[in-house]
Amino acid sequence: MSPWPSPRSCDTFVALPPAAAGGRVVFGKNSDRPADEVQEVVHFPAATHPPGTALECTYISIEQAERTHAVVLSRPAWLWGAEMGANEHGVCIGNEAVWGREEVCDSEALLGMDLVRLGLERADTAEKALTVIVDLLEKYGQGGNCMESHMTFTYHNSFLIADRKEAWVLETSGKYWAAEKVEGGVRNISNQLSITTKIDREHPKLKEYAKSNGWWDGKKEFDFAATYSYVNTARMTTTRGRYCEGYKLLNKHKGSITSEIMMEILRDKESGINMEGGFMTTGSMVSVLPQQPNLPCIHYFTGTPDPARSVFKPFIFVPDITQLLKTTSPTFGHDDPVKKQPRFQSKPDRRHELYKKHESAAVVMETNEGKGKEMLEEIQKLEKQKISQMESILQNGCLDVNQVVKLFSQCVEEELKIYS
């Protein structure tokens, strides 16, 4: 009998002005993964690479770009790519598992999570990131086990990509894809295809392939989600499920969505958005992207499971950022069981320092009501303080670079003190 429940996916959200408050774009994502999987928060600076350099992704090597942008990523610690992240230009990407009529490829190629990181490293706008991803998809394909286990867990991917000015949804089925530019203020994606008849960019043979498979008769209006999956698109926003619940929560707060509102949505357990069980929310991210280029983008990451009892810690891109040592997992080089063939013969301890302390604190919160409540209040107070400081930066446009280089790391230290 399988030790895992049926795998489910995550939720990613975006609010654009005027749905978001203060003329800003607000992005949010929960990463729902196997409950025992460690998610780390890591930073990689911008870099230049000699022409012809090979880049080793999770399973395959591809050609490296000559220049890569600085990125901050929240990722399962065993792989190269990321579930979600941002780059120095204010581009944010999150991905979701999706399934449909097209069979999922088990052979190793690029993971959807690799494509998230590649889009962030190679593009300075949301639409350019979309182009990067679909070009790589065409060249290398998507496939391979998405879980650190003997069990095979494979899927196609959808992506929500945002920058300071706009957002795009990109949904894939094998190498075929459709993209929708977000209009109307808010958009969310979950574990189903959701692009219907509004298609702003597409694979050149998207409709031809559907017709050749008998999925579309070529006469009625082309509906991507209905054609490439089994979704009744007329009922997507009315049937119960995380996609529908996320849609309702975004619309409930439309016009006043801030970073705090987005965090509240990600913490919502009743909707299933903050997932519990064998698959659970193992990491969360919220980003605030001001439209004014002189103001910094602010990215918050938990680096720990269950956002309801985690701290969203702020990160701002500046040169010479203090290394994120306490949210970085141990590395095992060529001895890593993911790198050896056959893969996944053992599972090393990938817990970083914050994960370990948070794990112990979670036990206290569950077993000692008084102490647990006190600890929860302390981490909530820390988070509110940091949000207030970030709001002050956005209001005043005043950035102390000497403080910002250690912004995230310092907040991790303060969180660790509460757990101690």
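Asp320 turns up in the loop between strand 18 and helix 7 of this predicted model. Its phi is near 60°, a positive value in a residue other than glycine. That's a bit out of the ordinary, since most residues other than glycine have a negative phi. As for its surroundings, Asp320 counts as exposed because its relative accessibility is 72%, and the cut-off for that label is over 50%.

Next along the chain comes Ile321, which lies in the loop between strand 18 (313-315) and helix 7. Here the label flips: Ile321 has a relative accessibility of just 13%, so it counts as buried, the limit being under 20%. What does Ile321 touch, once its neighbours within four places in sequence are set aside? The contacts are His43, Phe315, Ile316 and Val405. Another residue from a distant part of the sequence is Pro45, 276 residues from Ile321 along the chain. Even so, the C-alpha atoms of Ile321 and Pro45 are separated by 8.6 Å.

The loop between strand 18 and helix 7 also holds Pro342. The peptide bond leading into Pro342 from Gln341 is cis, with omega near -10°. A second cis peptide bond shows up where Pro17 joins Pro18, and there omega is about 5°. Pro18 sits in the loop between strand 1 (11-15) and strand 2 (24-34). For context, most peptide bonds are trans.

Asp306 is another residue with a positive phi, about 60°, although it is not a glycine. Its place is in the loop between strand 17 (298-301) and strand 18. Is Asp306 buried or exposed? With a relative accessibility of 5%, Asp306 falls under the 20% limit and therefore counts as buried.

Now for the helices. Helix 7 covers residues 353-367 and helix 8 covers residues 369-396. The two pack at an angle of about 125°, and their axes are 6 Å apart. Angles from 65 to 115 degrees count as roughly perpendicular and those over 145 as roughly antiparallel, so helix 7 and helix 8 end up being called oblique to each other. Their crossing is left-handed. On the helix 7 side, the residues that meet helix 8 are Ala361, Val364, Met365 and Thr367. Helix 8 brings Glu369, Lys371, Gly372, Met375, Leu376 and Ile379 to the contact. Sorted by class, that makes 6 nonpolar, 2 polar and 2 charged residues.

Aromatic rings are worth a look too, with 11 aromatic pairs in the structure. A pair of aromatic rings is described by the distance of the centres and the angle of the planes. Take Trp215 and Tyr228: their ring centres are 5.2 Å from each other and their planes are 75° apart, which makes the pair edge-to-face. Which parts of the chain does this pair tie together? Trp215 lies in the loop between helix 3 (206-212) and helix 4 (224-228), while Tyr228 belongs to helix 4, so the pair links parts that are 13 residues apart in sequence. Both Trp215 and Tyr228 are buried. The two rings have company as well: Tyr176, Tyr209 and Phe224 join Trp215 and Tyr228 in one aromatic cluster.

Note on methods. Residues numbered from 1 in each chain as written. Predicted model: local features only at pLDDT ≥ 70, side-chain atom pairs only at ≥ 80, totals over all residues. Heavy atoms only, no water. Axes fitted to C-alpha atoms, helices over the stretch in contact; angles between N-to-C directions. Helix = DSSP H or I, 4+ residues; strand = E, 2+ residues; numbered from the N terminus. Parallel < 35°, antiparallel > 145°, perpendicular 65-115°, else oblique. Left-handed = near helix turned anticlockwise from the far one by under 90°. Contact = heavy atoms within 4.5 Å. Nonpolar A, V, L, I, M, F, W, Y, C, P; charged D, E, K, R; others polar. Phe/Tyr/Trp six-rings, centres within 6.5 Å; stacked < 30°, edge-to-face > 60°. Buried < 20%, exposed > 50% of the residue type's maximum accessible area, 1.4 Å probe, protein only.
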